[in-house]
Amino acid sequence: MFKFYFFLFLVFLNPFVLSGQAYEFYGVIKLNGKMESAIPYRLIFNEKDGKIKGYSITDMTGEHETKNFVDGTYDTEKKYLSFKEKNIIYTKSPISDDSFCFISFEGKIKLDSKKPKIVGKFKGLFKNKTKCIDGTLELVSSLTVQSYLAKASKKIQKSKELDEETKKKYNPIQIFDSLQTNQLTTAQNLNIFNTSNKVSFEIWDNGVEDGDIINLSHNGKLILQNYMVTKAKKKVELILESDQNVFTIQAVNEGTQSPNTAMIVLEGDKIVEFQSNLKLGQTATVTILKEKQ
C-alpha cells in the first residue's frame, strides 16, 4: 500500500483542460511476468459525446518517462471505456518509436461515480499492431489522490516532533506542486518525435531570477553562448537540418541559487515543456527525431 501511494505522490500534476468532461487518474501499470514491475502511470482525458482524447505519462519522473497521445470511446449507458495510446509526444527512453509498446485498454468503468477508478487488464501493442507485453492497470481518480494528500499534509502539520522549517520543507502538496514540470537532469536525453521542419525554443526563468547562465547548441554548433536566463522569454527559431537533431543544454554556472534551471518550451508540430536542472558544467540533451508518416 505504501508503495502504491508513493507512486501517486510522484505524479501530482495539474489537470488537462479541454472542452467536455475532464478526467484525471493516477496509479501504476503492472507488466505480466515481471516481478516488482509496478510503473507509475498518469492518464488525463476529456470525454465529449462518447469520444475520448487526452494523453498518458508512463514512468513519471523516471529515467524512461514517456508521454503519449490517447484516444478512445466511452459508452455512458453500458459504462464501457476503451482507449489506446498512440504517437509518442516525448520519451526519455532510448527505444525507438517502432519498438515502443503502447497500451490498449477496454473495460467496464463508472466514470460518473464520485471517486472513479480504472482497474483491469490491458493489451500491449507495437505501432504495427503486433502484440508486445500485456499487464494490468490500477488507477484512482485525482479526487482520491487529493484527499490522501490533504490528510497527509494535515498529519505533518499537527506533528509535535517536527519543527516549522521541516514541516514547510516536506509539505506533501508543495512537494507535488514542484513536480508539475518535466525535469531534465544531467546526462538525460529527451527524445521528441516531430514532423515539422521548423521548431522554436522559448527560454526563461520561471523561479527566482538568480543569474543562471547556459549554452545551447544544435548538432554541436552554438546557438546561445553564455546566455543569462531571465524572466523575459528568449525565443529561438530554427530549421531542422536532418532526421535527427541534437540540442545540448549546458550549465555555465549555478547562479546564486543552485542548481542552474531554465524553463524551456519547444514547439514544432507538438508542444513540449520541460525544465533543465543542472549543476556547473553538466549537460542534458533534447533529440528531435523526424517522425515517420
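This is a short walk through two strand arrangements and two nonpolar cores in one structure.

Before I start, please keep in mind that what we are looking at is a predicted model, and that the residues are numbered from 1 along the chain as its sequence is written.

Let me begin with strand E8, which covers residues 135–141 and is mostly covered, five of its seven residues being buried. Which strands pair with E8? Strand E1, residues 21–31, is joined to E8 by seven bridges, and the two run antiparallel; strand E7, residues 117–125, also runs antiparallel to E8, with six bridges between them. As a reminder for anyone new to this, strands of a sheet pair through backbone hydrogen bonds, either parallel or antiparallel. If you would like to find these pairings on the screen, look for Leu 31, which stands opposite Gly 135 in E8, and then for Gly 120, whose bridge partner in E8 is Leu 137.

Staying with strand E1 for a moment, I would point out Tyr 26, which has its place in that strand. Is Tyr 26 buried or exposed? Tyr 26 counts as buried, because its relative accessible area is 1%, and the cut-off for buried is under 20%. Its C-alpha atom is separated by 8.3 Å from that of Glu 138, although the two residues are 112 residues apart along the chain.

Let me now move to another sheet, an open one of five strands, whose order is E9-E17-E16-E11-E14 and whose pairing is mixed. At its edges are strand E9, residues 183–185, and strand E14, residues 234–239, each of which pairs on one side only. From one strand to the next, the twist averages 25°. Within this sheet, E9 pairs with strand E17, residues 271–278, in the parallel sense over three bridges, and there Gln 183 stands opposite Gln 275 in E17.

Finally, the nonpolar cores. The largest of them has 32 residues, and the members that touch the most other members are Leu 190, Phe 201, Ile 203, Leu 266, Phe 274 and Val 286. What is Leu 190 in contact with, leaving aside its neighbours within four places in sequence? The list includes Tyr 90, Thr 91 and Lys 92, then Asn 182 and Leu 184, and further along the chain Val 272, Phe 274, Thr 285, Val 286 and Thr 287. Apart from this core lies another, of 19 residues, and among its members are Phe 105, Ile 109, Ile 118 and Phe 122.

Methods
This is a predicted model: local features need pLDDT of at least 70, side-chain atom pairs count only at pLDDT 80 or more; totals for chains, interfaces and linings use all residues. Side-chain values use heavy atoms; hydrogens and water are left out. A nonpolar core is a set of buried Ala, Val, Leu, Ile, Met, Phe, Trp, Tyr and Cys residues joined through side-chain atoms within 4.5 Å. Buried means under 20% relative accessible area, exposed over 50%, partly exposed in between (1.4 Å probe, protein chains only). Contact means heavy atoms within 4.5 Å. Helices (H or I, at least four residues) and strands (E, at least two) are DSSP runs, numbered from the N terminus. Two strands pair if DSSP finds at least two bridges between them. Axes are lines fitted to C-alpha atoms, for helices over the stretch in contact, and angles run from 0 to 180 degrees between N-to-C directions.
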